Amino acid sequence: MPCLSKEVSKLLLPLIGVLLGIILGLVLPIHIPMAYSSYMSIAVLAALDSVFGGIRASLEQKFEPDAFISGFFGNAFLAAGLAYIGDRLDVPIYLAAIFAFGTRLFQNFALIRRHLLNRWRERIRQ
């Protein structure tokens with residue numbers, strides 16, 4: 001049973017972090033100008049991709065904090081930078097970022113779901 005609580009706490013910490021971030025975002029008066037909203041949305045999509053990748057890596061016991069932090073900020077800045085360059089060149093480069101990060105996000109979610117379902121099925125069999 002201690003193993004189960006350890007696994008649950010590993011899953012709850014990222015979810016608590018995401019919820020805390022959402023609450024802070026709703027409570028704090030931070031306003032992003034409309035001109036930058038597209039860059040911010042791409043950066044948030046890239047950051048969410050990193051969070052889902054981190055959760056998946058944690059479930060597979062391959063999580064590396066330095067890789068997560070560098071991927072979180074690196075992906076967000078790269079995606080926002082690509083969107084900015086695309087805006088300046090009048091080429092919709094942001095679509096490539098949306099496609100890449102969106103695809104990875106759904107793949108990571110599917111792997112997380114399958115991993116959790118397999119664990120749940122194994123517990124039922126025991």
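This is a chat about how the helices pack and where the pockets lie in a predicted model.

User: Hi! What kind of model is this, and what are the ground rules?
Analyst: Hello! It is a predicted model, where local features need pLDDT of at least 70, side-chain atom pairs count only at pLDDT 80 or more, and totals for chains, interfaces and linings use all residues. Residues are numbered from 1 along each chain as its sequence is written, and side-chain values use heavy atoms, with hydrogens and water left out.

User: Great. How do α2 and α3 pack?
Analyst: Helix α2 (residues 37-59) and α3 pack at about 155 degrees, with their axes 8 Å apart. That makes α2 roughly antiparallel to α3. Helices here are DSSP runs (H or I, at least four residues), numbered from the N terminus. Axes are lines fitted to C-alpha atoms over the stretch in contact, and angles run from 0 to 180 degrees between N-to-C directions. Angles under 35 degrees count as roughly parallel, over 145 as roughly antiparallel, 65 to 115 as roughly perpendicular and the rest as oblique.

User: And which hand is that crossing?
Analyst: α2 passes α3 in a right-handed crossing. The near helix is turned clockwise from the far one by less than a right angle in a right-handed crossing, and anticlockwise in a left-handed one.

User: Which residues of α2 and α3 meet there?
Analyst: From α2 they include Y39, I42, A43 and A46, and from α3 they include F72, A76, A79 and A80. The contact residues divide into 13 nonpolar, five polar and two charged. Contact means heavy atoms within 4.5 Å. As for classes, Ala, Val, Leu, Ile, Met, Phe, Trp, Tyr, Cys and Pro count as nonpolar, Asp, Glu, Lys and Arg as charged, and the others, Gly among them, as polar.

User: Let's stay with A80. What does A80 touch?
Analyst: A80, which is found in helix α3, touches Y39, I42 and A43, not counting residues up to four places away in sequence. A80 and A100 are 20 residues apart in sequence, and their C-alpha atoms are 13 Å apart in space.

User: OK, on to α4. How does α3 cross α4?
Analyst: The axes of α3 (residues 65-89) and α4 (residues 94-125) come within 8 Å and cross at roughly 150 degrees, so α3 and α4 are roughly antiparallel to each other. N75, A79 and A83 of α3 make the contact with Y94, A97, F101 and R104 of α4.

User: Are α2 and α4 roughly parallel or antiparallel?
Analyst: Their axes come within 9 Å and cross at roughly 25 degrees, and that makes α2 roughly parallel to α4. The crossing of α2 and α4 is left-handed.

User: Now pockets! What is the volume of the largest pocket?
Analyst: About 530 Å³. Of the 17 residues that line it, the closest to its centre are G21, M40, V44, A47 and F72. The lining has 14 nonpolar, three polar and no charged residues. A pocket here is an open set of points on a 1 Å grid over the protein atoms alone where a 1.4 Å probe fits, with protein on both sides within 12 Å along at least five of seven lines, and lining residues have an atom within 4 Å of a point. Grid points are joined across faces, edges and corners, and a volume is the space filled by probe spheres set on the points.

User: And what about the second largest pocket?
Analyst: The second largest pocket has a volume of about 270 Å³. S50, G53, G54, A57 and R104 lie nearest its centre, and its lining divides into five nonpolar, seven polar and five charged residues. The largest share of that lining, six residues, comes from α2.

Conventions. Helices (H or I, at least four residues) and strands (E, at least two) are DSSP runs, numbered from the N terminus.
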